[in-house]
Amino acid sequence: MSITSLPETDRSVPLNRNRRSALIALAGLLVAEVVLGSIWKILPQNSAVSPNVFTALMFLMVPPILFFIYDAIWGIKSRNSKMASYPMMLIALGVFVLGTLWTVMFSFTNIKIIPLFTPADWVKGFVGLANYKRLFNTSRWMDCPGLTKAFQSGWEFKCAGALPNMVTYAVLSIAISVSLGFLLAVMMDQKIRAEGVFRTIFLYPFALSFVVTGHVWAWIMSPEYGLQHSIRALGWESFSFDWIANRDMVMYAIVIAGIWQGTGFVMALMLAGLRGIDDEIWKAAKVDGIPAWRTYIQIVLPMMKPVLVTTFVIVSSGAVRIYDLVVATTDGGPGISSDVPTRYIYQNFSANLGQSLSASTVMLVAMAVVLIPWIRVEFGKKSQA
Amino acid sequence: MKLLKMAAVLAVTVALPHVASATELEVTHWWTSGGEAAAVAEFAKAFDATTDADGNPNKWVDGAIAGSGDVARPIIISRIMGGNPMGATQLNPGKDADDLIAAGLMTDITDLAVKEDWAHILRPASQLESCTKDGRVYCVPVNLHSAQWMWTNRKVFTDLGLEPPKDINELLAYAPKLQEAGIQPLSLAQGWPVGLMVNDILVAQAGVENFVKVYKDRDLAIAGGPEFGKIFETLAAIRQYTPADKMVPQWNEAVGLVIQGKAAANIMGDWAGGEFQVANMVAGKDYDCLPGLGVTPVLNTGGDVFYFPKNDDPKIQAAQLQLASLLVTKEVQVAFNLKKGSLPMRADVDLSAANDCMKKGLEILDHSDAVFPNDIQMIDRDSLNQINDLFTEFMANPDMTAADAQAKFVSIIENAPK
Amino acid sequence: MANTSTISAEPSGAKPKPFITWERAVVYTVLIVCALFFLLPLYIMIITSLKSISEIQGGNIFVPSSNPSLAAWEKAWNSACTGLYCEGIKVGFWNSIKITVPSTIVSIAVASISGYSLANWPFKFSEGFFTILLLGSFIPYVVMLYPIVIITRYLGIFSTLPAVVLVHTIFGLPIQTLLFRNYFASLPQELFKAARVDGASYWQIFFRVFVPMSVPIFTVSVILQVTGIWNDFLFGVIYAGPTNYPMTVQLNNIVNSAQGGKAYNVDMAATILTGLVPLTIYFISGKYFVRGIAAGAVKG
């Protein structure tokens with residue numbers, strides 16, 4: 001990826017050059033296939049690291065070659081942009097797509113501890129939907145007895161298990177940390193004293209490894225040593241704060257710790273967004289006699305939409321992948337009432353890969369169903385700019 | 001072109017470490033606390049004192065990664081798959097490693113084991129068996145840890161005018177009185193300690209024979225039978241002494257409650273002894289350690305073993321065998337196990353420096369019928385995880401009936417791969 | 001900072017204001033209450049780190065030590081055991097720097113350029129790639145471990161620094177690209193068009209127009225990447241090779257010791273010590289990104 005400045009031109013390209021590129025591209029594709037084939041075939045061997053420069057280069061060539069084909073067929077435009085984006089395309093195709101393909105394909109096999117990659121292994125280990133059947137029969141993953149009851153006896157609807165827990169956590173933590181983060185950012189924007197001190201206070205939890213801070217939260221919320229114990233000792237005997245030990249409330253306890261950790265970064269992003277709002281807008285709003293809170297909600301908030309979208313994606317991707325937080329505060333307890341999908345995936349990863357991969361696939365499909373329509377609406381139109 | 005150059009430079013830097021004259025053997029393990037580190041140092045010291053065939057010194061390169069098997073397994077597998085295996089690695093013996101052996105990733109050390117007659121000098125036999133697959137030996141057992149211990153604080157009982165209990169049944173009989181006095185009969189920590197406690201109670205109440213029949217031979221009649229049913233009822237009774245709001249986050253905090261006299265007893269492995277020592281309490285005077293929960297003195301043979309991932313380098317191969325042989329020599333066994341607080345693999349060593357609880361353990365080891373295999377030696381990790389999930393759920397969820405739990409237990413045993 | 005506040009204070013200069021209004025009181029009350037909530041765990045960590053083990057075992061977590069000592073800090077940095085060696089967490093410090101600096105630079109370079117391409121030079125399927133990346137940010141990273149082992153093996157870089165740099169670039173890419181793409185898309189399009197009319201090339205526009213306007217977003221992105229990379233444990237252990245183990249390996253070895261007794265005081269000290277580098281970055285960058293945003297807004 002050499003960063004030299006090439007002049008960007010949109011000159012039209014003669015057709016014969018397109019044909020030539022197409023031929024080169026096809027030849028390249030053949031080579032790429034051979035290479036990919038050999039990569040699929042070769043199983044782990046025990047040798048010292050032997051850099052295979054040739055295969056490495058060929059591997060790197062695959063996505064560019066695919067794009068030369070595309071170029072050859074649909075014409076050459078924005079070549080600099082494409083070249084500069086090769087690392088990104090390479091990672092998207094070579095890691096995320098290939099990795100996801102592997103995840104999905106091998107979720108239909110019975111691989112246990114050793115990962116396998118070859119088509120032959122796939123055929124040999126194929127077990128159909130067995131992993132998925134087990135997954136949805138595992139109360140740890142999802143247990144919705146209320147769902148059937150709901151139809152029989154009114155709307156008494158209750159779901160437990162890792163997947164519903166994740167949804168609970170995601171909804172609450174996104175809602176609270178985004179709104180609290182915005183509120184804090186607005187307050188920080190009131191030309192207050194010691195802004196730097198407050199900013200650092202709100203941001204520091206983000207810097208500390210959660211393995212230990214999660215444990216501190218477990219202490220604070222533990223009815224045995226924490227707030228409940230200390231406040232009762234002060235004389236308020238009926239004080240109760242035992243969410244972390246309460247099967248129905250434990251996810252809310254985790255939300256508290258999650259908000260503590262994540263809100264600072266939301267605040268920082270929002271503050272950056274607020275500082276980007278033109279002062280003229282404030283003056284105009286003042287002249288029109290609009291109260292400050294309405295200016296924030298009706299004028300400033302819509303102007304911050306790009307920041308909001310970014311924040312929303314960052315917070316929700318963190319919420320979906322929540323792992324450290326749960327392991328450090330409750331380790332899924334009491335019982336398995338605060339289990340989350342990634343914890344299930346991690347645990348099975350070193351015992352039953354097939355199960356782990358099928359759980360990941362379910363999450364991926366769920367995410368795709370929610371996200372792809374949203375991405376199309378949110379980002380689709382701007383690309384034409 | 002730049003890429004080619006970069007790759008060439010890389011090739012050179014990767015090749016460099018092989019030039020060194022000492023044979024370096026990287027060893028991964030998860031012993032990182034003070035006492036554990038001191039024990040590992042004994043291994044390293046002994047290995048560094050050896051030389052290879054050419055007279056060059058061997059060197060132990062420490063690759064400690066805390067977090068036990070769940071963390072270690074993906075790392076070990078990644079390193080092997082990436083083409084840069086470690087020289088030796090700690091791993092849970094048994095079914096965990098079977099897949100790795102089946103994939104041909106582990107070095108076969110049968111010749112060494114036969115030459116040094118490990119079958120006769122190491123005990124109990126079950127431990128070497130778990131290192132053996134299809135008649136070939138793949139790992140070296142270095143110590144024994146057992147999980148079947150109940151720890152009680154004597155003062156708690158004498159203060160209430162009670163005789164300190166000699167087994168779990170006596171403790172359960174005292175439970176109502178203890179609760180009345182505001183003392184938790186049993187302390188419990190979240191996560192794996194729950195599974196450990198349930199397992200211990202199963203063994204204590206059902207007996208070793210039935211336990212092994214269920215876990216190893218998959219005897220569904222026993223697993224679903226009335227005897228196990230009764231134990232599930234007992235567990236349901238125990239769970240009211242350890243409600244979720246009384247559970248603590250970590251095993252050592254649960255032991256701490258016993259030390260402070262806030263709880264009467266805790267069920268935990270022999271490593272809990274270290275916590276009592278830190279608190280300056282004396283075994284048999286301030287606290288009791290009851291193997292097999294006091295019912296029948298039995299111990300399982302969980303322990304630590306080392307495997308040797310296959311390596312192409314003949315120098316590394318030689319060093320691997322040297323280390324394997326060294327780990328079970330008398331001097332190394334004594335030095336290591338005294339520091340680790342675990343029991344040695346050999347009977348022919350002097351352990352007069354051991355504390356009372358260790359001595360109790362040694363005594364049991366001499367009766368081979370009192371020793372039974374660890375669960376991971378009998379059933380696969382995946383099923384164990386499921387069993388652990390079931391028990392943690394059962395102990396925390398008062399709505400789950402004993403019959404429900406037993407039915408689920410039977411179905412996990414039934415579906416476990418042989 | 002002083003600069004910005006004087007400039008923004010100017011318009012309302014003449015009007016006399018009461019020393020404290022009820023709105024101010026509400027603002028400070030809310031901020032202080034929130035700050036107390038945020039500080040509570042830090043307070044516990046600090047007082048715990050100053051206690052002795054026996055004090056921790058029986059004591060109240062909120063009550064400071066009667067005999068505070070810095071021994072645990074000294075131990076965490078210099079002499080806590082992390083396996084065979086008892087040299088504390090300082091061992092991995094330079095390795096962490098060696099990993100964090102190139103990983104941060106490479107991942108931000110790749111992501112900012114990709115974000116720029118996606119926002120301003122869209123090509124066919126570019127939105128498709130963006131969708132793949134966005135979905136990628138929701139994948140539990142652990143399932144990607146083994147495929148990446150195979151990839152780095154075939155690149156010949158497994159167990160080396162470049163491998164871990166590559167991995168951080170890969171996993172940083174989704175969020176980072178989003179950050180830059182959205183930021184660049186929100187910059188006034190007139191600037192971009194004017195630069196093109198003047199005949200500026202792809203790279204010229206990026207380096208001369210966009211980068212100078214985007215200091216704040218680069219700062220936010222540095223905060224995110226430094227925090228994530230500095231605190232990473234798993235990728236460091238798997239891809240960097242034993243000679244490059246980062247500080248978090250030592251932290252993990254102290255905090256997660258398997259069966260030995262837990263020394264919470266050392267755990268707390270080690271965690272705070274490890275967190276100091278990202279904290280310093282926050283401290284330094286805090287001013288930058290606020291002022292930068294204001295500067296960007298002026299131009300807009």
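pLDDT is the predictor's confidence in each residue, on a scale from 0 to 100. By that yardstick chain C averages 83, and 87% of its residues score at least 70. What you are looking at is a predicted model, in which local features need pLDDT of at least 70, side-chain atom pairs count only at pLDDT 80 or more, and totals for chains, interfaces and linings use all residues. Residues are numbered from 1 along each chain as its sequence is written, while chains are lettered from A and ligands numbered from 1 in the order in which they are written.

For the complex, the predictor reports an ipTM of 0.83 and a pTM of 0.83. Chain B has a mean pLDDT of 86, with 95% of its residues at 70 or more.

**Where confidence drops**

Three stretches deserve a look here. Contacts are pairs of residues whose C-beta atoms, placed from the backbone, lie within 7 Å.

| Stretch | pLDDT | Contacts in the model |
|---|---|---|
| Residues 6-19 of chain B | under 50 | 14 beyond four places in sequence |
| Residues 1-15 of chain C | below 50 | six beyond near neighbours in sequence |
| Residues 291-300 of chain C | below 50 | 19 beyond near neighbours in sequence |

Broken down by element, chain C has its lowest mean pLDDT, 40, in helix α1 (residues 2-9), and its highest, 94, in helix α5 (residues 93-120). Elements here are DSSP runs numbered from the N terminus: helices are H or I over at least four residues, and strands are E over at least two.

**Chain C, helix after helix**

Chain C has 14 helices and zero strands. Of its 300 residues, 57% count as buried, meaning that 20 or more other C-beta atoms lie within 10 Å of the residue's own; with 12 or fewer a residue is exposed, and in between it is partly exposed, with C-beta atoms placed from the backbone. Among the contacts in chain C with a separation of 6 or more, 74% link residues 24 or more positions apart.

The domain assignment splits chain C into domain 1 (2-69) and domain 2 (89-299); such bounds come from an automatic or database domain assignment. Where the two meet, seven residues of domain 1 of chain C are in contact with nine residues of domain 2 of chain C. On the domain 1 side, α2 (22-49) and α3 (53-58) of chain C each supply at least two residues, and α2(C) has the largest share, with three residues. By class, that side of domain 1 of chain C comes to three nonpolar, three polar and one charged. In this scheme Ala, Val, Leu, Ile, Met, Phe, Trp, Tyr, Cys and Pro are nonpolar, Asp, Glu, Lys and Arg are charged, and the others, Gly among them, are polar.

**Chain A against chain C**

Between chains A and C, 101 residues of chain A are in contact with 92 residues of chain C. Helix α4 (residues 86-106) of chain A gives the most to the chain A side, with 13 residues. That side of chain A has 65 nonpolar, 25 polar and 11 charged residues.

**Chain B: two domains and a sheet**

Chain B is divided into domain 1 (23-145 + 302-367) and domain 2 (149-300 + 379-415). Taken over C-alpha atoms, their centres are 30 Å apart. The contact between them takes 12 residues from domain 1 of chain B and 16 residues from domain 2 of chain B. On the domain 1 side, the elements giving two or more residues are α4 (95-102) and α18 (356-365) of chain B, and α18(B) provides the largest share, five residues. By class, this side of domain 1 of chain B has two nonpolar, six polar and four charged residues.

Chain B also has an open sheet of four strands in the order β8-β9-β7-β10, with mixed pairing; two strands pair if DSSP finds at least two bridges between them. Its edge strands are β8 (184-187) and β10 (287-291) of chain B, each pairing on one side only.

Strand β7 (residues 149-153) of chain B pairs with β10(B) in the antiparallel sense over five bridges. Along that pairing, Asn153(B) stands opposite Tyr287(B), and Thr152(B) has Asp288(B) as its bridge partner.

All five of the five residues of β10(B) are buried, so this strand is largely enclosed by the rest of the structure. Tyr287(B), Cys289(B) and Pro291(B) point one way from β10(B), while Asp288(B) and Leu290(B) point the other way. In a regular strand the side chains alternate between the two faces of the sheet.
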